[in-house]
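Work through the following exercises with the sequence and the coordinates at hand, and try each task before reading the solution beneath it.

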Amino acid sequence: MSSTSITHFTQAAQQAQQWVNELAEDLDWTQPRAYHLLRCVLHALRDWLSPEEMTDLSSQLPVLVRGIYFENWKPLETPVWDRRKEDFIARIEDAFAGDMLVDPDEAIRAVFRLLDRHVSHGEIMQVRNSMKKPLRDLWPAA
């Protein structure tokens, strides 16, 4: 393996860690809990988007975050057709069954704000506009 490959891998790890650190700081959470939230929200978001929008968003994610995004993806089961806000929130709450979220809406908003900071404005607008209005309301106004 060349030193360039190792450098790229190290940079990718640092970038992913930066995202987790920012989310942990935004919510005043531990890093493992912030990582779990990021992973859960990315998976739910991925499954709520059309295949085209899902792949457009993925192209703007850092390499390791993109790996998290696609982890356990089942293409034949997505997108979720009945994309209600309540179901999206319930999916996140279920993932935290042993570590209850006090304010799941705010936790989801924190991940959306993180994406706002790191993904192009144009892509964020496309993602937001592809969501039904009740779920879009969780995304901070752009």
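**Exercise 1.** Determine whether Met-54 is buried or exposed, and list the residues that it touches.

Solution. Met-54 is found in helix 3, where helices (H or I, at least four residues) are DSSP runs numbered from the N terminus. Its relative accessible area is 2%, and Met-54 is therefore buried; buried means under 20% relative accessible area, exposed over 50% and partly exposed in between, with a 1.4 Å probe and protein chains only. The next step is to list its contacts, a contact being heavy atoms within 4.5 Å: leaving out residues up to four places away in sequence, Met-54 touches Arg-46, Leu-49, Tyr-69, Phe-70 and Trp-73. As a last step, take the C-alpha atoms of Met-54 and Pro-79, which are 25 residues apart along the chain and are separated by 9.1 Å.

Before going on, note that this is a predicted model, in which local features need pLDDT of at least 70 and side-chain atom pairs count only at pLDDT 80 or more, while totals for chains, interfaces and linings use all residues. Residues are numbered from 1 along each chain as its sequence is written, and side-chain values use heavy atoms, with hydrogens and water left out.

**Exercise 2.** Work out how the axes of helix 3 and helix 4 are arranged, and which residues meet.

Solution. The axes of helix 3 (residues 51–58) and helix 4 (residues 63–70) come within 10 Å and cross at roughly 155°, the axes being lines fitted to C-alpha atoms, for helices over the stretch in contact, with angles from 0 to 180 degrees between N-to-C directions. The two helices are therefore roughly antiparallel to each other, given that angles under 35 degrees count as roughly parallel, over 145 as roughly antiparallel, 65 to 115 as roughly perpendicular and the rest as oblique. On the side of helix 3, Met-54, Leu-57 and Ser-58 take part, and they meet Arg-66, Tyr-69 and Phe-70 in helix 4.

**Exercise 3.** Compare the surroundings of Glu-53 and Leu-64.

Solution. Begin with Glu-53, whose place is in helix 3, and which counts as buried at 10% relative accessibility. Residues up to four places away in sequence aside, Glu-53 touches Glu-123, Gln-126, Val-127 and Ser-130. Turn then to Leu-64 in helix 4, which counts as partly exposed at 33% relative accessibility. With the same exclusion of residues up to four places away, Leu-64 touches Ala-12, Ala-13 and Ala-16.

**Exercise 4.** Check the length of helix 2, and state how it is covered and capped.

Solution. At 1.5 Å a residue, the 18 residues of helix 2 (residues 31–48) should span 26 Å, and its end C-alpha atoms are 26 Å apart, which agrees; the expected span is 1.5 Å times one less than the number of residues. Helix 2 is mostly covered, since 14 of its 18 residues are buried. At its N-terminal end the cap is Thr-30, with a side-chain oxygen 3.3 Å from the backbone nitrogen of Arg-33.

**Exercise 5.** Which loops hold Asp-28 and Asn-72, and what phi does each have?

Solution. Asp-28, in the loop between helix 1 (3–27) and helix 2, has a positive phi of about 55° although it is not a glycine, and it counts as exposed at 73% relative accessibility. Asn-72 lies in the loop between helix 4 and helix 5 (85–95); this residue, not a glycine either, has a positive phi of about 60° and is exposed, with a relative accessible area of 54%.

Terms used
A polar contact is a pair of N or O atoms within 3.5 Å; within protein, one must be able to donate a hydrogen and the other to accept it, and residues adjacent in sequence count only if both atoms are side-chain atoms.
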